[in-house]
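Biologist: Could you take me slowly through one part of this protein, the pockets and the strands around them, and explain each term as you use it?

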Amino acid sequence: MLAMASPASAQKIPLDQLSAYFNAFKTAAASFTQMNDDGSVSTGNIMIRRPGRIRFEYDAPNDSLVLASQGQVAVFDAKSNQPPERFPLVRTPLYLILAKTVDFSQAKMVIGHAQDGPATTVTAQDPKHPEYGTIQLVFTADPVTLRQWIVTDGSGQQTTVVLGDFKLGEKLRLSLFDIKAEMTARGF
């Protein structure tokens, strides 16, 4: 009798609804906690400006910065006097959610779609380049909200990012995502 009185269990969020979620927002911001493959933990703030831009500002003592813009990712190591390490955004699984149009129905993009309690998990890869790794996205419903992701890079290393209160529609200046301006400000 108690089972009948409890609310129906959560339903897996359909892929078209998850694609629409990403395509409906242009900007978002949240605090985050990052767990790295080596066991280290970092915290900070993340800002997204779709398409193609993301900014990870890491808290002290790390104080690093990761920027993606204009098809590039730049990793600024606060402990180094070197210019940032740079590589193409399309070679990272984050590209899939920063694309101009997110379409999880694309052939061979989604390699996993499951529901566990209140969470829906989608595992996606670049269908043309699965060797670049995967991104596992965790959502909750009512309303649909991105809660965390796990990026597994091409070498198998995993990075988990757990998001705080994910706020959509934040006002984010384009200059926050300017790699060249950041390099100039840091003397490179």
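Modeller: What follows is a look at the pockets, then at some strands and one residue.

This is a predicted model, in which local features need pLDDT of at least 70 and side-chain atom pairs count only at pLDDT 80 or more, while totals for chains, interfaces and linings use all residues. Residues are numbered from 1 along each chain as its sequence is written, and side-chain values use heavy atoms, with hydrogens and water left out.

Rolling a probe the size of a water molecule over the atoms shows where empty space is left. On a 1 Å grid over the protein atoms alone, a pocket is an open set of points where a 1.4 Å probe fits, with protein on both sides within 12 Å along at least five of seven lines, and lining residues have an atom within 4 Å of a point. Grid points are joined across faces, edges and corners, and a volume is the space filled by probe spheres set on the points.

The largest pocket holds about 960 Å³ of space. It is lined by 34 residues, of which Gln34, Val66, Val75, Phe87 and Thr159 are the closest to its centre. Among the elements that give two or more residues to this lining are strand 4 (65-69), strand 5 (72-76), strand 6 (85-88) and strand 10 (145-153), where strands (E, at least two residues) are DSSP runs numbered from the N terminus.

Two strands pair if DSSP finds at least two bridges between them. Strand 4 pairs with strand 5 in the antiparallel sense over five bridges, and serine 69 stands opposite glutamine 72 in strand 5. These two strands form a hairpin with two residues between them, and glutamine 70 in the turn has a positive phi of about 50°. Strand 5 also pairs with strand 6 in the antiparallel sense, over four bridges, and here valine 75 stands opposite glutamate 85 in strand 6.

Isoleucine 150 lies in strand 10. Is isoleucine 150 buried or exposed? Isoleucine 150 counts as buried because its relative accessibility is 15%, and buried means under 20% relative accessible area (1.4 Å probe, protein chains only). Leaving aside neighbours within four places in sequence, isoleucine 150 is in contact with Thr134, Ile135, Gln136, Gln158, Thr159 and Thr160, where contact means heavy atoms within 4.5 Å.

The second largest pocket has a volume of about 260 Å³, and among its 13 lining residues Tyr95, Leu96, Gln106, Met109 and Asp126 are the closest to its centre.

Methods: Buried means under 20% relative accessible area, exposed over 50%, partly exposed in between (1.4 Å probe, protein chains only).
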